[in-house]
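Thank you all for coming, and please have the sequence and the structure open while I talk. I will go from the whole chain down to a few single residues, and I will try to say no more than the coordinates allow.

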Amino acid sequence: MMKKQPLGRYIVCDPEICHGEPTFRGTRILVSDVLEQVASGMAWEAIVDEWRGVISKQAIAEAVRLAREALVMNASELTLEMPAP
């Protein structure tokens, strides 16, 4: 059985919360939802306000850093096959 796994200071995977998807510690806020807000160009201050201050800019920065690390580590699996010209 999977148990609670910290991914950083602010982010955790807990099978008891949101089916084990990464969330911000002590919340049910999905990291993927916040990363989507970042990707859409939303200002970090606005993201903090949207979640009523439950997550911080430091937590957002950790999510972005972890997403970057995951991208770098898995880039070869994510590359698209380009059709021949």
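Let me begin with charge, where the chain carries 9 positive and 12 negative charges, and the mean positions of the two groups are 10 Å apart. Please keep in mind throughout that this is a predicted model, so that every value I quote is computed from predicted coordinates.

Now to the overall dimensions. Along its principal axes, the C-alpha trace spans about 50 × 40 × 20 Å. The radius of gyration of the chain is 15 Å, whereas a compact globule of 85 residues would have one near 12 Å. Of the 85 residues, 22% are buried, and the chain exposes about 6,300 Å² of surface, 58% of which is supplied by carbon and sulfur atoms. If we take the contacts with a separation of 6 or more, 24% of them are between residues 24 or more positions apart.

What is the order of the elements from the N terminus on? They run β-β-β-α-α-α, which is to say that the chain has 3 strands and 3 helices.

The strands make up an open sheet in the order 1-2-3, and their pairing is antiparallel. Strand 1, residues 5-6, and strand 3, residues 22-24, are at the edges with a single partner strand each, so each of them has one side without a neighbour in the sheet. Between strand 1 and strand 2, the latter being residues 11-13, the antiparallel pairing rests on 2 bridges, and in strand 2 it is Cys 13 that serves as the bridge partner of Gln 5.

Let me stay with strand 3 for a moment, since Thr 23 lies there. Is Thr 23 buried or exposed? Its relative accessible area is 0%, and because the cut-off for buried is under 20%, Thr 23 counts as buried. Leaving aside residues up to four places away in sequence, Thr 23 touches a list of residues that includes Tyr 10, Ile 11, Val 12 and Ile 17, and also Arg 28, Ile 29, Leu 30 and Val 31. Cys 18 is among the residues touched by Thr 23 as well. As for Ala 63, it is 40 residues away from Thr 23 in sequence, and the C-alpha to C-alpha distance between the two is 9.6 Å.

For a second pair across the chain, take Ser 76 and Pro 22, which are 54 residues apart in sequence and 23 Å apart in space, again C-alpha to C-alpha. Ser 76 has its place in helix 3 and, at 63% relative accessibility, is exposed.

Finally, I would like to turn to backbone angles. Most residues other than glycine have a negative phi. Which sign does phi have at Cys 18? It is positive, at about 50 degrees, although Cys 18 is not a glycine. Cys 18 sits in the loop between strand 2 and strand 3, and with a relative accessible area of 21% it is partly exposed.

Arg 52 also has a positive phi, in this case of about 55 degrees, and is likewise not a glycine. Where does Arg 52 lie? Its position is in the loop between helix 2, residues 44-50, and helix 3, residues 57-78. Arg 52 is exposed, with a relative accessibility of 75%.

That is where I will stop, and I am happy to go back to any of these residues on the screen.

Notes: Residues numbered from 1 in each chain as written. Predicted model: local features only at pLDDT ≥ 70, side-chain atom pairs only at ≥ 80, totals over all residues. Heavy atoms only, no water. Helix = DSSP H or I, 4+ residues; strand = E, 2+ residues; numbered from the N terminus. Rg over C-alpha atoms; globule rule 2.2 N^0.38 Å. Buried < 20%, exposed > 50% of the residue type's maximum accessible area, 1.4 Å probe, protein only. Contact = heavy atoms within 4.5 Å. Areas by Shrake-Rupley, 256 points an atom, 1.4 Å probe, with all protein chains shown as cover. Lys, Arg positive; Asp, Glu negative; His and termini not counted. Charge placed at Lys NZ, Arg CZ, Asp CG, Glu CD. Pairing = 2+ DSSP bridges.
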